[in-house]
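This short report looks at pairs of charged side chains and at how far the residues in them are open to the surroundings. Please look at the sequence and the structure before reading on.

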Amino acid sequence: MKKNLGVVQAVYPMPVLMVAAYGEDGTVNVMNAAWGMICNGDRIALFIDEEHKTTQNLLKTKAFTVSIADKAHMDAADFFGIATGNKMPDKFERTGYHAEKSTFVNAPVIDEFPVVMECELAEVVQTDSFYCIVGKIINTAAEESVLSENGKVDPAKLNALIFDQFQHGYYVTGEKVGQAWNAGAGLMKK
C-alpha cells in the first residue's frame with residue numbers, strides 16, 4: 001500500500017548539470033542546475049531562476065555551456081550550487097578549476113568536467129509557473145576516457161552524478177540493466 005506524501009518533487013533521477021557563462025568582464029560563472037533536460041534533438045531546456053548570475057550572464061552573451069558533473073568533481077559541483085555569483089564574484093576561482101573559451105560559442109568550457117554541450121541561447125520561455133532557458137546545442141565534447149569503443153559516451157565510465165530530490169543526496173550512474181527499444185519488445189508479440 002502506498003503512503004500519501006503530499007506535494008513532493010518525485011522525479012528521480014535528476015541530472016547534475018553545470019551551466020557556465022561569461023560575465024561582462026570576461027569572468028567565468030558556473031551554477032549547478034538539476035532541473036534540466038533534452039527537449040529536442042538539438043535543444044536543452046534549463047528550468048532556472050532568472051535572478052541567477054549565470055542566467056543574467058547568458059542572457060547578455062546569448063551563449064552558455066552545460067557540463068555533466070561527475071563523482072570525481074562532486075565537491076566543486078555542489079559548491080557551484082550553494083554559492084551565488086551575485087554575492088561571490090570569485091566563485092569560480094575559489095575552486096581552482098580551469099576554463100577555456102569554447103571554439104563554437106562565446107562561453108567557457110570547464111576543463112574538469114568530462115562532457116560538455118556548447119549552446120547558443122535559442123529562446124526564453126516564461127509562464128506563471130516557470131522560467132526556462134532553451135539552448136541550441138552547437139557541439140558536444142567529451143574526454144576520451146569516458147568514451148566507449150564506438151566513440152560514444154559510456155555511462156559506466158562517466159560516473160555522472162544524479163541528484164535525489166527525496167533525501168537531497170548525490171548518487172552515480174553506471175550499471176546497465178537493459179537495452180532501450182529492446183527490453184520490452186517481447187510484449188509487442190502479445
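In this predicted model, R43 counts as partly exposed, because its relative accessibility of 24% lies between the 20% under which a residue is buried and the 50% over which it is exposed. The side chain of R43 meets that of D42 in a salt bridge, with 3.0 Å from N to O, and D42 is likewise partly exposed, having a relative accessible area of 29%.

How many salt bridges does a search of the whole structure find? The search finds three, and they are set out below.

| Salt bridge | Distance, N to O |
|---|---|
| D42 and R43 | 3.0 Å |
| R94 and D90 | 3.0 Å |
| K60 and E24 | 3.4 Å |

Side chains of opposite charge can pair when their charged atoms come close.

In the salt bridge between R94 and D90, R94 is exposed, with a relative accessible area of 52%, whereas D90 is partly exposed, with a relative accessible area of 33%.

The remaining pair joins the side chains of K60 and E24. K60 lies in helix α1, which covers residues 53–61, while E24 belongs to the loop between β2 (17–22) and β3 (28–33), so this salt bridge ties together parts that are 36 residues apart in sequence. As for its accessibility, E24 counts as exposed, because its value of 71% is over the cut-off of 50%.

Technical notes:
Residues numbered from 1 in each chain as written. Predicted model: local features only at pLDDT ≥ 70, side-chain atom pairs only at ≥ 80, totals over all residues. Heavy atoms only, no water. Salt bridge = Lys/Arg side-chain N within 4 Å of Asp/Glu carboxyl O. Helix = DSSP H or I, 4+ residues; strand = E, 2+ residues; numbered from the N terminus. Buried < 20%, exposed > 50% of the residue type's maximum accessible area, 1.4 Å probe, protein only.
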